[in-house]
Amino acid sequence: MSFFKKLKESLSTQTEQVTEKFKGGLSKTRDSFVGAMNELMMEYRTVDEEFFEELEDILIAADVGVNTVMELVDELREEALRRNIKDSVNIQPLITEKLSELLVRSEQETKINMQDGELTVILVVGVNGVGKTTSIGKLANKFKQEGKKVMLAAGDTFRAGAIEQLEVWGERTDVDVIKQQAGSDPAAVMFDAVQKAKSRGADVLLCDTAGRLQNKVNLMKELEKVKRVLTREIPDAPHEVLLVLDATTGQNALSQAKIFKEVTEVTGIVLTKLDGTAKGGIVLAIRNELDIPVKYVGLGESVDDLQEFVAEQYVNGLFADIIEDAEAREESS
Amino acid sequence: MAFEGLAERLQGSMKKIKGKGKVSEQDVKEMMREVRLALLEADVNFKVVKQFVKDVRERAVEQEVMESLTPGQQVIKVVNEELTQLLGGEQSKLNTAQKPPTVVMMVGLQGAGKTTTTGKLALHLRKKHNRKPLMAAADIYRPAAIKQLETLGKQLNMPVFSMGDQVSPVEIAQKAVEQAKEEHHDYVLIDTAGRLHVDENLMGELSDIKEATKPDEILLVVDSMTGQDAVNVAESFDEQLGITGVIMTKLDADTRGGAAISVKAVTGKPIKFAGMGEKSDALEPFHPERMASRILGMGDVLSLIEKAQTNVDEDKARELERKMRTNELTFDDFLDQLAQVKDMGPIDELLQMMPGANKMKGMKNLQVDDKQIAHIEAIVKSMTKEERDNPSVLNASRKRRIAQGSGRNIQEVNRLIKQFEEMKKMMKQMTGMQKGKKKGGFKMPFM
């Protein structure tokens, strides 16, 4: 069975609604990427060095990341040579396949590590302005709809208005927010929150933290302490450490992931603001260069636009048109 | 840092041409490939990179580089010059209205740092230019955004105009300008909601605010960690609003900040300020030549020198130099040095500005904590005058006392003494080297 057929089959097990969300949220990336690819095919009829250089540019433009792109294009060069592909039209399916493989091949755990019948503590970390608090609001809504009792911990005691922002989300989703005054020790807030969550029998505690740049040693130490306090109260907590990354971020996203992982043992990534950019390629770089699974993707601004990451859906969202073309060709041949 | 600078990238191709009498066009081509990759890794937009590399190659082939004895350095020089020019050549100031108040609109994507920057800019205007700004809270969408600006206003003791989140941003902006006129504020800073450049409704709203308030400045706030998309963002904000300038934020991150080049290249609008930290006064005028060095991974030597100049006492420096030469360095001098370095700001920030600091042995993963400095200080301060002047008297009993006095353990005391002796040795070597003017001497770390 061909690669694309397999992909289609695994998609058919999922709801139409999810498929549409992914296709909608990734439409920007898809349009610009497919457009650029078509132009490339028009401009270069034959596969030569210039063709590959242009291809490098297209992939880099989608923020796939310089290293990943260089590896990928080198593989394509070899493959083209081996299979003796000379016409650019014939290499297009190969490109799609390689990119898709990158997304689908690694069997990373994308489900949240939920504790059955016990409190699940989720720590949310990231640099400033990536959408930590908003993601927490959306996650709270999601878990609540699944019938769980959710609580929020207002651990961003630094930024002006951060606690109030989380409180608004608490009201909207009707969940309790545990907070202290602005400027208080975030570790103390966490301690307090875990105690309250335990005594009130909550299922999920979502812990907000202040945004911090990964190269600020002191702030990273503070984060370490916050995590330590959680572990002290519940030995295997936090059960998830989610790093929120902004999809518009460039190569620095990799540095963020690396350092946050060193400090807090990040277990998953929430990739936000994917709908706004034509740059969904960063997922490829993350997959290729880091050993951290993407668990959620933000595909829009409304509350239910934070979706669990499904690699097949993502591939389909990126290459829907190309995949359909390839399928049609397969069937007719 | 995760990325290689241009200089490091060029080293490979430079090795190959070393010893060659003349550089071939193929060599230049290879170097240009490294330039291209370095810029792409720094998040400069690929289209901008393409044009840029073309320009540099032309200059390079035009004899300058090929006939130079040190083609590698020459390439770096050409690239640096071209980048500086691309970034705007010189510093650019804020526009002012002929009749106050000057209206400044802050616009940008979500999470770029508009609200924080609004506060910083207001403080900058008051502190550096003795102005009386009014901040207007026109972000009615994000939860608690108004509250954030109000809290900032309270912290900075700066007036904030707000009408809650049930009034249209256009009306808020308009009323804010009216109030500024009445109360004789000379600047109104309008904080608008973050929005996607592709969101037509919200972009329309910004046009309406522009129409209603006739701003003298429309500043696009851009996260310096933005990737390839920075071009599209800047282009659409500029097309739809006609921005007058840019503020780059979060430049204290370990990003190269190539987005600055992209934004400047596609809009042609000057970058006016840079956000350099979490504190409210961490907003600095933008320096194109420094940014160029940073993007190339050459360190921000100029900023470092500037910091040193404003903080280092010259007499003390001269005295220190004499002591170094005569090898009379004591723990007291050491303490002085520490104090001066500390005045310059957090150590890890200083290290980042140093070219090649990340390449030095053991420096790569060095994380300097200002607390460690405090510990060192405590140890030295627990020594007697005699011990500081003449460390050789330090025996086990004295060390134990020092450890107790400073609240550190004895190993730390030992380590410090050892480091101090090594430093003295090193300085002796260095001064000896300078005197003898040995061949080679110091090498710039990036050559």
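Visitor: In chain B, which residue follows helix 11, and what is the sign of its phi?

Guide: Helices here are DSSP runs of H or I with at least four residues, and strands are runs of E with at least two, numbered from the N terminus. Helix 11 of chain B is followed by B:Gly297, with a positive phi near 75°. This is a predicted model, where local features need pLDDT of at least 70, side-chain atom pairs count only at pLDDT 80 or more, and totals for chains, interfaces and linings use all residues. Residues are numbered from 1 along each chain as its sequence is written, while chains are lettered from A and ligands numbered from 1 in the order in which they are written.

Visitor: How many residues of helix 11 of chain B are buried?

Guide: A residue is buried if 20 or more other C-beta atoms, placed from the backbone, lie within 10 Å of its own. Helix 11 of chain B spans residues 288–295, and 7 of its 8 residues are buried. Among them are B:Pro288, B:Met291 and B:Ile295.

Visitor: Which domains make up chain A?

Guide: Domain bounds come from an automatic or database domain assignment. In chain A, domain 1 covers 13–107 + 314–332 and domain 2 covers 120–310. Their centres, taken over C-alpha atoms, are 32 Å apart.

Visitor: How many residues does each domain of chain A bring to the contact?

Guide: Two residues are in contact if their C-beta atoms, placed from the backbone, lie within 7 Å. Domain 1 of chain A brings 23 residues and domain 2 of chain A brings 22 residues. On the domain 1 side, helix 2 of chain A gives the most, with 5 residues.

Methods. A residue is buried if 20 or more other C-beta atoms lie within 10 Å of its own, exposed if 12 or fewer, and partly exposed in between; C-beta atoms are placed from the backbone.
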